[in-house]
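This report covers a pocket, a disulfide, a buried threonine and two residues with unusual backbone torsions. Please keep the structure open while reading.

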Amino acid sequence: VQLQASGGGSVQAGGFLRLSCAASGFTFINYAMAWFRQAPGKEREFVSVISKGSGSINYADSVKGRFTISRDNTINTLYLQMSSLEPEDSAVYYCAAGVYMRLISGEYDYWGQGTLVTVSS
């Protein structure tokens with residue numbers, strides 16, 4: 001099983017980034033997919049989750065209206081489009097796969113290695 005996150009980088013406040021997460025080694029369409037993030041000195045927190053068929057999506061209140069999660073089951077890839085970025089969004093972003101849509105990191109089975117997002121003011 002492999003989840004390869006990419007797309008992180010350094011941007012100024014108000015900018016945008018698109019994260020990708022390429023999945024392999026498991027049946028992608030059978031799993032809900034999520035993004036979490038962890039800033040230095042803080043706990044890992046939920047960002048967004050999308051159901052297996054993209055019919056259901058949840059966002060953390062802090063990113064609602066600015067971030068958009070999506071997935072392409074034909075190429076086993078998860079995305080997170082981030083706009084109007086704020087310094088508070090700076091963190092390592094992780095993609096995760098789980099059988100159910102959950103808001104708690106411990107409920108997920110597979111994790112990517114993370115990609116760093118830095119937003120400067």
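## Pocket, disulfide and selected residues

The largest pocket has a volume of about 160 Å³. Its lining comprises 13 residues, and those closest to the pocket centre are Arg37, Lys42, Glu45, Glu88 and Asp89. By class, eight lining residues are charged, three are polar and two are nonpolar. Note that the model is predicted.

**Disulfide.** The structure contains one disulfide. A disulfide is a covalent bond between the sulfur atoms of two cysteines. Here the partners are Cys21 and Cys95, with their sulfur atoms 2.1 Å apart. Which parts of the chain does the pair tie together? Cys21 sits in strand S3 (residues 17-24) and Cys95 in strand S9 (residues 91-98), so the bond links parts that are 74 residues apart in sequence. The torsion about the S-S bond is about 65°, so this disulfide is right-handed. Cys21 is buried, and Cys95 is buried as well.

**Thr115.** This residue belongs to strand S11, which spans residues 115-120. Is Thr115 buried or exposed? Thr115 has a relative accessible area of 10%. Buried means under 20%, so Thr115 counts as buried. Its side chain reaches the backbone nitrogen of Gly8 at 3.0 Å. Leaving aside neighbours within four places in sequence, Thr115 is in contact with Ala5, Ser6, Gly7, Gly8, Leu19, Ala91, Val92 and Tyr93.

**Positive phi.** Most residues other than glycine have a negative phi. Ser54 has a positive phi, near 70°, although it is not glycine. Asn76, also not a glycine, has a positive phi near 55°. The table sets out both residues.

| Residue | Phi | Loop | Relative accessible area |
|---|---|---|---|
| Ser54 | near 70° | between strand S5 (45-50) and strand S6 (57-59) | 31% |
| Asn76 | near 55° | between strand S7 (67-72) and strand S8 (77-82) | 26% |

How do these two residues count by accessibility? Partly exposed lies between the 20% and 50% cut-offs, so Ser54, at 31%, counts as partly exposed. Asn76 is partly exposed too, with a relative accessible area of 26%. Ser54 is found in the loop between strands S5 and S6, and Asn76 in the loop between strands S7 and S8.

Technical notes. Residues numbered from 1 in each chain as written. Predicted model: local features only at pLDDT ≥ 70, side-chain atom pairs only at ≥ 80, totals over all residues. Heavy atoms only, no water. 1 Å grid on protein atoms, 1.4 Å probe; cavity = no way out; pocket = protein on both sides within 12 Å on 5 of 7 lines; lining within 4 Å. Points joined across faces, edges and corners; volume = space filled by probe spheres on them. Nonpolar A, V, L, I, M, F, W, Y, C, P; charged D, E, K, R; others polar. Helix = DSSP H or I, 4+ residues; strand = E, 2+ residues; numbered from the N terminus. Buried < 20%, exposed > 50% of the residue type's maximum accessible area, 1.4 Å probe, protein only. Polar contact = N/O pair within 3.5 Å; in protein donor to acceptor, adjacent residues only side chain to side chain. Contact = heavy atoms within 4.5 Å. Disulfide = S-S within 2.5 Å.
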